[in-house]
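The following exercises concern a ligand and the protein around it. Please work through each task before reading its solution.

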Amino acid sequence: MEDMTYWKEVWERKGNSNTSCLEELDGYEDTTANVKEIAAQIVKELDIKETDRVLEVACGAGGLAQYINCGEYVGVDYSTSLVKKHIQFLNNSVLHGEANDLIFKDKTFDKVFCFGAFHYFPNQEYAMQAINELKRIAKEAVFIGDLPVTSHREEHLLYNKKDFKDWNITDGYYNPCRFNVSLKL
Ligand SMILES: C[S@@+](CC[C@H](N)C(=O)[O-])C[C@H]1O[C@@H](n2cnc3c(N)ncnc32)[C@H](O)[C@@H]1O
């Protein structure tokens, strides 16, 4: 699906729903995902320390962020309503922005991650731009999680493990049709 507007509208609507449950705002309500457990696995995979500066791209309302303990956390998301909710509930530094065009200087953050968002991107070119941005902004390591190989939704952009040759590849945390990749820089 080349059109960006479909998912953008979905996430804008999601952020306007009348709930204070961050997992629900971030779209996990109909999944088997244990968000607290996923956050713990990302912390382990990236070796996030209490002194680290961490950027989460496509951070939503903070479903994962609520469980991440680090020196400085910054989030970015393209849904203005979810950015508002994230700030309202967690008081984190969260900016409105797109994954393929981030405003930060090179190597601003020790660790950079993006979970549960790459399948909402419009095409592979956009995904490549986003990967380059994550790598550019990170000093030590990058993690991208929840990349679908197949999906029940035809609107989801799909990925191939073969395209991540230099990356460490692991199984999806809650969905066997998905995988994660990480890179030490
Ligand atoms: C399933 S939620 C995941 C949120 C958070 N990472 C978590 O796991 O709790 C997907 C998020 O990706 C965001 N998103 C999707 N495409 C994006 C893009 N191109 N740029 C920035 N944010 C995007 C959506 O607005 C939404 O907040």
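A polar contact is a pair of N or O atoms within 3.5 Å. The model used here is predicted.

**Exercise 1.** Identify which polar atoms of the protein lie within 3.5 Å of a nitrogen atom of the ligand.

*Solution.* Begin with the side chains. Glu-56 places a polar side-chain atom 2.8 Å from a ligand nitrogen. In Tyr-126, an N or O atom of the side chain is 2.7 Å from a nitrogen atom of the ligand. Turn next to the backbone: a polar backbone atom of Ala-99 is 3.1 Å from a ligand nitrogen. Each pair meets the cut-off, so each counts as a polar contact. As for exposure, the ligand taken alone exposes 600 Å², and the protein buries 99% of this area.

**Exercise 2.** Describe the surroundings of the ligand by residue and by class.

*Solution.* First, count the shell: 23 residues surround the ligand, and Asp-26, Tyr-28, Glu-56, Asp-77 and Tyr-126 are the closest. Second, sort the shell by class, which gives 14 nonpolar, five polar and four charged residues. Third, locate the site: the ligand takes up the space of the largest pocket.

**Exercise 3.** Characterise the span that UniProt lists as "domain: Methyltransferase type".

*Solution.* The unreviewed UniProt entry assigns this name to residues 55–139. In the model, residues 55–139 are 29% helix and 26% strand. The end C-alpha atoms of this span lie 11 Å apart.

How values were computed: Residues numbered from 1 in each chain as written. Predicted model: local features only at pLDDT ≥ 70, side-chain atom pairs only at ≥ 80, totals over all residues. Heavy atoms only, no water. Near = heavy atom within 4 Å. Polar contact = N/O pair within 3.5 Å; in protein donor to acceptor, adjacent residues only side chain to side chain. Areas by Shrake-Rupley, 256 points an atom, 1.4 Å probe, with all protein chains shown as cover. 1 Å grid on protein atoms, 1.4 Å probe; cavity = no way out; pocket = protein on both sides within 12 Å on 5 of 7 lines; lining within 4 Å. Sits in = over half its atoms within 2 Å of the grid points. Nonpolar A, V, L, I, M, F, W, Y, C, P; charged D, E, K, R; others polar. UniProt positions renumbered as here; feature names shortened; annotations may be inferred. Helix = DSSP H or I, 4+ residues; strand = E, 2+ residues; numbered from the N terminus.
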